[in-house]
Amino acid sequence: MKLPDELLTDKLDRLIKVLERMAPPKPQPVDLDVADCFVWNPDHLAFDPVQKVNRVDISLIRGVDNVRDILFDNTKRFADGLQANNVLLWGARGMGKSSLVKAVHASVNADAPAGGHPLKLVEIHREDIDSLPALMAAIKDTDYRFILFCDDLSFDHDDTSYKSLKAALEGGVEGRPDNVIFYATSNRRHLLPRDMIENERSTAINPSEAVEEKVSLSDRFGLWLGFHKCSQDDYLSMIDGYAAHFDLPMEKEQLHAQALEWSTTRGSRSGRVAWQFTQDLAGRLGKKL
């Protein structure tokens, strides 16, 4: 039979185990040498390495030459330790916004001097934005520089996580670490749906202040890079670039005819549609990409 002291000890041990299970996870050691790209895992406060990144060569991204050069220059300055801006890439779907971020990251690292620290790309999912402070705390004292990348960023009704993003980008006492920059893609320039902004304007005591508070999030991005629907010439230029890069044997006239028919069935012309046609063509020709 256990003595009272032993019973008390057992109860305390069980209580300690319960509290340990309830406690937030401890940050995992960050091994940044294993890869150049990671996905943030907020459940374990860890960085999951991505060994094979889904991206295309920067030379294959056509029709957005101006924004491509601006993003590359901004990223190169940041990698070199100079001042650079957070970037919002917004606009038409399928025009290569996320592809350009990944391609620029690879291109900047390819141009980096030997022996230096490569620039790291860390993807954070939209639903994990609230964990940004923990992410930045884990990397701020390292020797590396980081692009935090959120693809398809937007906020809906009753979603207050945008406030965490505002504070992480420029606000707060500590501010954004010098070795961190934030890139995001979105179909919306102000990241919020139009009806959400209009609802704020119609229900607030001071409509202008309510709207300003909502749209000020996009002001935290120093660079706004717009992507618009491409012309037929740009679309065919993308097709030609893919066909030449992957050595797809087909006469240009026939290639263009099939590509235009493909875009007609899709009801749009974009980089995504050009890539999907290229995949279909390669499959029909029995070639692997």
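Leaving aside its neighbours within four places in sequence, which residues is Arg77 in contact with? The answer is Leu82 and Gln83, where contact means heavy atoms within 4.5 Å. We'll come back to Arg77 after a look at the whole chain.

**The chain as a whole**

This is a predicted model, so local features need pLDDT of at least 70 and side-chain atom pairs count only at pLDDT 80 or more, while totals for chains, interfaces and linings use all residues. Residues are numbered from 1 along each chain as its sequence is written, and side-chain values use heavy atoms, with hydrogens and water left out.

The chain holds ten helices and seven strands. Helices (H or I, at least four residues) and strands (E, at least two) are DSSP runs, numbered from the N terminus. Of the 289 residues, 41% are buried; buried means under 20% relative accessible area, exposed over 50%, and partly exposed in between (1.4 Å probe, protein chains only). If you take the contacts in the chain with a separation of 6 or more, 74% of them are between residues 24 or more positions apart.

**How confident is the predictor?**

The average pLDDT of the chain is 82, and 77% of the residues score at least 70. That score is the predictor's confidence in each residue, from 0 to 100. Among the elements, strand 4 (residues 120-123) has the highest mean pLDDT, at 95, and helix 6 (residues 194-203) the lowest, at 49. Over residues 200-207 the pLDDT is below 50, and beyond near neighbours in sequence this stretch has five contacts in the model. Where pLDDT is low, the predicted coordinates should not be read in detail.

**Two helix pairs**

Start with helix 2 (residues 65-79) and helix 3 (residues 97-111): their axes come within 10 Å and cross at roughly 50°. Axes here are lines fitted to C-alpha atoms, for helices over the stretch in contact, and angles run from 0 to 180 degrees between N-to-C directions. The two helices are therefore oblique to each other: angles under 35 degrees count as roughly parallel, over 145 as roughly antiparallel, 65 to 115 as roughly perpendicular and the rest as oblique. Helix 2 passes helix 3 in a right-handed crossing. As for the handedness, a crossing is left-handed if the near helix is turned anticlockwise from the far one by less than a right angle, and right-handed if clockwise.

On the helix 2 side, the residues that meet helix 3 include Val67, Leu71 and Phe72, and on the helix 3 side they include Leu100, Val101 and Val104. By class, this contact has eight nonpolar, two polar and three charged residues. Ala, Val, Leu, Ile, Met, Phe, Trp, Tyr, Cys and Pro count as nonpolar, Asp, Glu, Lys and Arg as charged, and the others, Gly among them, as polar.

Now for helix 8 (residues 232-245) and helix 10 (residues 271-284), which pack at an angle of about 40° with their axes 9 Å apart. Helix 8 and helix 10 are therefore oblique to each other, and their crossing is right-handed. Tyr235, Met238, Ile239 and Tyr242 in helix 8 meet a set of helix 10 residues that includes Val273, Trp275 and Phe277. That contact splits into eight nonpolar, two polar and no charged residues.

**Back to Arg77, with some company**

Arg77 lies in helix 2 and is partly exposed, with a relative accessible area of 36%. Gly91 belongs to strand 3 (residues 87-91) and is buried, at 10%. Phe149 sits in strand 5 and counts as buried too, at 3% relative accessibility. Each has a partner further along or back in the sequence:

| Residue pair | Apart in sequence | C-alpha to C-alpha |
|---|---|---|
| Arg77 and Val108 | 31 residues | 9.7 Å |
| Gly91 and Lys229 | 138 residues | 8.4 Å |
| Phe149 and Ser98 | 51 residues | 8.9 Å |

Not counting residues up to four places away in sequence, Gly91 touches Lys97, Ser186, Asn187 and Phe227. On the same basis, Phe149 touches several residues, among them Ser98, Val101, Tyr183 and Thr185.

**Two backbone oddities**

Most residues other than glycine have a negative phi, and most peptide bonds are trans. Leu45 has a positive phi of about 50° although it is not a glycine. This leucine is in the loop between strand 1 (37-41) and strand 2 (46-49), and Leu45 is buried, at 17% relative accessible area. Asp152 also has a positive phi, of about 55°, and lies in the loop between strand 5 (146-150) and helix 5 (162-169). Asp152 is partly exposed, with a relative accessible area of 46%.
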